[in-house]
Amino acid sequence: MMTNTNGIIGWNFNFSRRLYDNEVGEVSDLLQVLHNFRISGEDEDTRIWVWTKNNKFTVRSAYANIHATDMERDHIWTNFIEDAGATMVLPESVEDLMFGWQFKKLTPRGTHMMEALPAAILWSVWLERNRRAFQGIEMEMGKLIIEIKVMAFRWVSVLDEFKNGLRSLS
């Protein structure tokens, strides 16, 4: 929340959990951006559409951006489905995808990884959208998929099945 004490603007985040090491840097970057942010009652607010050169909204630019994002999202999910040796038609909603996210014939390690992947995918896509929207940085799709795999593995690596070294997941 933004606070204003005697004309000095500050920020107070009440996080519901401790931050992971990689998140501390992101919060620090956010606080730096917010520190440089100044509110002026003199300037008028304006809207800017970032997907056109003239910053004006067009249906074509909205559709092109949404369609590209959907294709990237589908590529990410399909990559992990194929890695599991499965086939699946992607449903219309994330909720339906979560209910259908079940794979047979996996080892206990493979089962834990596949259970962690949806959360890792959703979290990584969220972070990627923020990078694109707020920093103008776009991660290469292959690197994003590796980031998702590393994140999911970090989450499950504390489980007993993973404490004796790496073995095959299927």
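This passage describes a helix pair and the largest pocket in a predicted model.

Helices α4 and α5 form a packed pair. Helix α4 spans residues 108-135, and helix α5 spans residues 141-156. Their axes lie 8 Å apart and meet at an angle of about 130°. Helix α4 is therefore oblique to α5. The crossing of α4 past α5 is right-handed.

The α4 side of this contact includes His112, Met113, Ala116, Leu117, Trp123, Glu128 and Arg131. Among their partners in α5 are Leu144, Glu147, Ile148, Lys149, Phe153, Trp155 and Val156. By class, the α4–α5 contact holds 14 nonpolar residues, two polar and four charged.

Helix α4 also contributes to the largest pocket. This pocket encloses about 670 Å³ of space. Its lining comprises 18 residues, of which Glu26, Val27, Leu30, Asn130 and Gln135 are the closest to the pocket centre. Two elements, α1 (21-36) and α4, each give two or more residues to the lining. Eleven of the lining residues are nonpolar, two are polar and five are charged.

Helix α4 thus appears in both descriptions: α4 packs on α5, and α4 supplies residues to the lining of the largest pocket.

Terms used:
Residues numbered from 1 in each chain as written. Predicted model: local features only at pLDDT ≥ 70, side-chain atom pairs only at ≥ 80, totals over all residues. Heavy atoms only, no water. Axes fitted to C-alpha atoms, helices over the stretch in contact; angles between N-to-C directions. Helix = DSSP H or I, 4+ residues; strand = E, 2+ residues; numbered from the N terminus. Parallel < 35°, antiparallel > 145°, perpendicular 65-115°, else oblique. Left-handed = near helix turned anticlockwise from the far one by under 90°. Contact = heavy atoms within 4.5 Å. Nonpolar A, V, L, I, M, F, W, Y, C, P; charged D, E, K, R; others polar. 1 Å grid on protein atoms, 1.4 Å probe; cavity = no way out; pocket = protein on both sides within 12 Å on 5 of 7 lines; lining within 4 Å. Points joined across faces, edges and corners; volume = space filled by probe spheres on them.
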